[in-house]
Amino acid sequence: MERLQKYIASCGVASRRKAEELITEGKVQVNGRKVTELGVKINPQKDKVKVNGQLLAQEKPVYYLLNKPKGVVTTTNDEKGRNTVIDLIETNTRIYPVGRLDYDTTGALILTNDGNLANLLMRPDSQVDKTYIAKVKGIVQIPDIQKLRNGIIIDGVKTKKASVRLKSVDKKKETSTVVLTIHEGKNHQIKKMFESLGYKVIKLRREKIAFLDLKGLMPGEYRNLSIKEVKVLYSLCKK
């Protein structure tokens, strides 16, 4: 037996969190009966599940690591007609990005149809590290590096402690390059952290997600994750 929302996520329809919304909104049927309560369990081999009238079938899970280029939106479709990260992946499987990178932010991004893993990676209490390289306007001072390490209040909430180091300074251009490792995923978090200290981020790149780096991947290129890599990601999420 398997929880209904987990089964829906495994079919590539949506993340588990979104699957829960579909259930409570009355858009899910099990064997012809509408289900609106969470916690229902089904037998994937026997029960027939429909979402918005469409019969579901479990897909083989796929996992990709993309080096997101600048000028591409992190969504499954865009109402303005802009290129999305989905357009960069050659697959017939319905996939979606895990988390979000801004339009002008580049770097590591996982895409998958495994809603269970996506949900674990995006949880607020996820301990999976994400490493960024930020180029900012201004000469970052050492006391500000310490403030970034200890946590910055953004949107009324203090960020968790982070690993931060000053990589380089260009006094002529008055810019600094800083490497930060965080395990949160607040909206525009890196940019807001610097802005709260008076620095504007002019370039931002996510170098790593946990142990996954972009070695061998040019902007716009991607690769499949191995079974071993997926298992390690699951183990990191469950710590």
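Buried means under 20% relative accessible area, exposed means over 50%, and partly exposed lies in between, with a 1.4 Å probe and protein chains only. Helices (H or I, at least four residues) and strands (E, at least two) are DSSP runs, numbered from the N terminus.

The model is predicted, so to speak of a local feature takes pLDDT of at least 70 and a side-chain atom pair counts only at pLDDT 80 or more, while totals for chains, interfaces and linings use all residues. Residues are numbered from 1 along each chain as its sequence is written, and side-chain values use heavy atoms, with hydrogens and water left out.

**Exercise 1. Sort the residues of helix 6 into buried and exposed, and find what covers the buried ones.**

Step 1. Helix 6 spans residues 227-237, and its buried residues are Glu229, Val230, Leu233, Tyr234 and Cys237. They take up an arc of only 140° around the axis, so they sit on the same side of helix 6. The arc is that of the directions from the helix axis to the C-beta atoms.

Step 2. Ile227, Lys228 and Lys231 are exposed on the other side of helix 6.

Step 3. It helps to recall that an α-helix has 3.6 residues a turn, so residues three or four places apart point the same way.

Step 4. The cover over the buried residues of helix 6 includes strand 7 (63-68), strand 9 (106-112), helix 3, strand 16 (212-213) and strand 17 (222-224). Contact here means heavy atoms within 4.5 Å.

**Exercise 2. Do the same for helix 2: which residues are buried, and what follows the helix?**

Step 1. In helix 2 (residues 16-24), look for Arg16, Ala19, Leu22 and Ile23, which are buried. Seen down the axis, these buried residues fall within an arc of 105°, so they line one face of helix 2.

Step 2. Among the elements that cover them are helix 1 (4-10), strand 2, strand 3, strand 5 and helix 3 (115-122).

Step 3. Gly26 follows helix 2 and has a positive phi, near 75°.

**Exercise 3. Work out the strand order of the open sheet of four strands, and name its edge strands.**

Step 1. The order is 3-2-5-6, with antiparallel pairing. Two strands pair if DSSP finds at least two bridges between them.

Step 2. Strand 3 (33-35) and strand 6 (54-55) are the edge strands, each pairing on one side only.

Step 3. Strand 2 (residues 28-30) and strand 5 (residues 49-51) are antiparallel and share three bridges. Here Val28 stands opposite Val51 of strand 5.

**Exercise 4. Describe the surroundings of strand 14, then place Thr177 within them.**

Step 1. Strand 14 covers residues 175-182, and eight of its eight residues are buried. Thr175, Thr177, Val179 and Thr181 point one way, while Ser176, Val178, Leu180 and Ile182 point the other way.

Step 2. On to the partners. Strand 10 (residues 130-137) pairs with strand 14 in the antiparallel sense over eight bridges; Lys135 stands opposite Thr177, and Val136 has Ser176 as its bridge partner. Strand 13 (residues 163-170) is also antiparallel to strand 14, over seven bridges, with Asp170 opposite Thr175.

Step 3. The hairpin of strand 13 and strand 14 has four residues between the strands, and Glu174 takes a positive phi there, near 55°.

Step 4. Thr177 belongs to strand 14. Its relative accessible area is 16%, so Thr177 is buried. Apart from neighbours within four places in sequence, Thr177 is in contact with Ile133, Ala134, Lys135, Arg165, Leu166, Lys167 and Ser168.

Step 5. Strand 10 also pairs with strand 15 (residues 200-209), antiparallel and over eight bridges. In that pairing, Lys135 has Lys203 as its bridge partner.

**Exercise 5. Where is Gly156, and is this residue buried or exposed?**

Step 1. Gly156 lies in the loop between strand 11 (153-154) and strand 12 (157-158).

Step 2. Its relative accessibility is 68%, so Gly156 counts as exposed.

Step 3. Glu25 is 131 residues away from Gly156 along the chain, and their C-alpha atoms are separated by 31 Å.
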